[in-house]
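Here is a friendly walk through the interior of one protein model. Have the sequence and the structure open as you read.

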Amino acid sequence: MSWLGFDDPWVLWLLPLALLPLIAPAGTPLPNGWLRYAPRDRASTLVGWALRGATTLALAALLFALAGPHRPEYHVERVGQGAEIVLLLDRSRSMDQGFAPGRALPAGISPKSPQALDHYFSQAPARLRESKGLVARRLLAEFTAQRPDDRFALVAFSTLPMRVLDFTAKREVIQAAIEAGNVGRGLSETNIGRALEVALEMFEGRPYNGSRIVMLVSDGGDRMDPDTREALSKMARRQRVSIYWLYLRSANSPGLTLAEGDSDAAAESVPEILLHDFFNSLQTPYRAYEASDSRALERAIEDVNRQEKLPITYDELVPRRELAPWAHALALAAVLLLLAARSLEIRRWA
């Protein structure tokens with residue numbers, strides 16, 4: 001039986017012993033000379049056999065529980081609305097800093113001057129002084145909790161990428177993986193190119209059941225060599241992956257687009273603009289969200305949540321279920337019935 005398994009099936013050979021109460025002789029009745037003249041009491045006979053049956057049931061349930069009964073794990077195909085999403089989370093040291101300050105700086109302070117940083121850390125609102133990594137993890141935790149049909153994976157990266165979590169729909173595991181990023185401090189360098197390779201490799205060998213997304217959460221860009229760009233472009237087309245970049249602006253960050261009056265040559269010195277242009281050149285869907293504070297990041301994640309709700313087919317593993325507790329409960333009920341009958345038994349004639 002595929003729906004029922006046993007850890008120790010040999011114990012089931014002892015089940016015939018549970019029939020002993022049915023064939024065992026009845027106990028000696030209380031001595032009374034008038035019993036032979038009393039009519040046969042069918043109700044007493046039925047109660048006697050019911051108590052024998054309860055004893056048999058208790059023994060059989062205990063033997064069944066000792067065999068370790070369980071329903072084995074099995075796979076079931078389900079259809080929902082969602083996507084397969086790889087969360088590519090920047091864990092560099094800059095993510096421990098706050099968002100970019102607002103544009104309303106005091107007169108005479110340049111946005112790129114040290115005085116702007118002093119104003120940011122001393123005068124900026126509390127919501128801006130929160131670290132970008134902390135805000136991103138909090139909002140991503142809320143985002144994953146709202147999408148029960150999605151399959152999430154997590155890759156954290158700085159100098160090298162680290163596969164924290166493979167694709168799963170288990171809410172507790174996803175939340176724990178996101179929260180694990182709060183431990184320690186990040187490194188000073190980032191390698192987004194290698195991190196993107198690892199994120200795209202996670203789709204290798206998986207059946208295409210619906211939308212596939214790489215959600216990059218980072219506050220910086222990367223200069224990638226031509227070989228890396230070509231490899232990423234081929235992988236993105238082959239895996240049919242959409243890329244969302246949640247770009248978290250730091251203080252003095254130039255952003256993803258050139259400012260008015262800047263020459264095209266100036267873009268060559270800005271890794272963020274280079275990465276943004278590379279994503280735009282891919283033959284796969286791409287969208288960037290530039291967030292200067294926690295509210296902007298929240299709006300960006302809400303926009304992704306609204307867009308990616310296409311039908312998805314996924315295979316869900318239903319875990320093993322232990323059946324021994326049910327057998328123990330049945331045996332306990334039978335024993336309690338026997339104890340109740342025992343308490344009502346007459347032990348001597350008045």
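In this predicted model, the largest nonpolar core holds 30 residues, and the members that touch the most others are Val86, Leu88, Val214, Leu216, Trp245, Leu275 and Phe279. Two or more residues each come from β3 (74–90), β4 (151–157), α7, β6 (211–218), α8, β7 (242–248) and α9. The top contributor is α7, which gives six residues to this core.

Leu216 is a good place to look around. Setting aside neighbours within four places in sequence, Leu216 is in contact with Leu88, Phe157, Ile192, Tyr244, Trp245, Leu246, Leu275 and Phe279. Another core of 29 residues lies apart from the largest one, and its members include Phe152, Ile174, Met215 and Leu246. As general background, nonpolar side chains in soluble globular proteins tend to be buried together.

Now to helix α9, where Glu272, Ile273, Leu275, His276, Phe278 and Phe279 are buried. These buried residues of α9 pack against α7, β6, α8, β7 and β8 (286–291).

How much space lies in the largest cavity? The volume is about 30 Å³, and the count of cavities of 30 Å³ or more comes to one. The largest cavity is lined by Leu196, Leu200, Leu232, Ala236, Ile243, Phe278, Phe279 and Leu282. By character, this lining comprises eight nonpolar residues, no polar ones and no charged ones. At least two lining residues come from each of α7 (192–201), α8 and α9 (271–281). Phe279 therefore deserves a second look, because it is buried under the 20% cut-off, is among the core members with the most contacts to other members, and also lines the cavity.

Two further residues, one in α7 and one in α8, show how these helices meet. The table sets them side by side.

| Residue | Helix | Relative accessible area |
|---|---|---|
| Gly193 | α7 | 1% |
| Thr228 | α8 (residues 226–239) | 16% |

Why do both count as buried? Buried means under 20% relative accessible area, so Gly193 at 1% qualifies, and so does Thr228 at 16%.

Not counting residues up to four places away in sequence, Gly193 touches Asp222, Met224, Thr228 and Leu232. On the same basis, Thr228 touches Gly193 and Glu197. Leu232, one of the partners of Gly193, is also among the residues lining the largest cavity. Gly193 and Arg223 are 30 residues apart in sequence, and their C-alpha atoms are 8.2 Å apart in space.

Definitions and conventions: Residues numbered from 1 in each chain as written. Predicted model: local features only at pLDDT ≥ 70, side-chain atom pairs only at ≥ 80, totals over all residues. Heavy atoms only, no water. Helix = DSSP H or I, 4+ residues; strand = E, 2+ residues; numbered from the N terminus. Buried < 20%, exposed > 50% of the residue type's maximum accessible area, 1.4 Å probe, protein only. Contact = heavy atoms within 4.5 Å. 1 Å grid on protein atoms, 1.4 Å probe; cavity = no way out; pocket = protein on both sides within 12 Å on 5 of 7 lines; lining within 4 Å. Points joined across faces, edges and corners; volume = space filled by probe spheres on them. Nonpolar A, V, L, I, M, F, W, Y, C, P; charged D, E, K, R; others polar. Core = buried A, V, L, I, M, F, W, Y, C linked by side-chain atoms within 4.5 Å.
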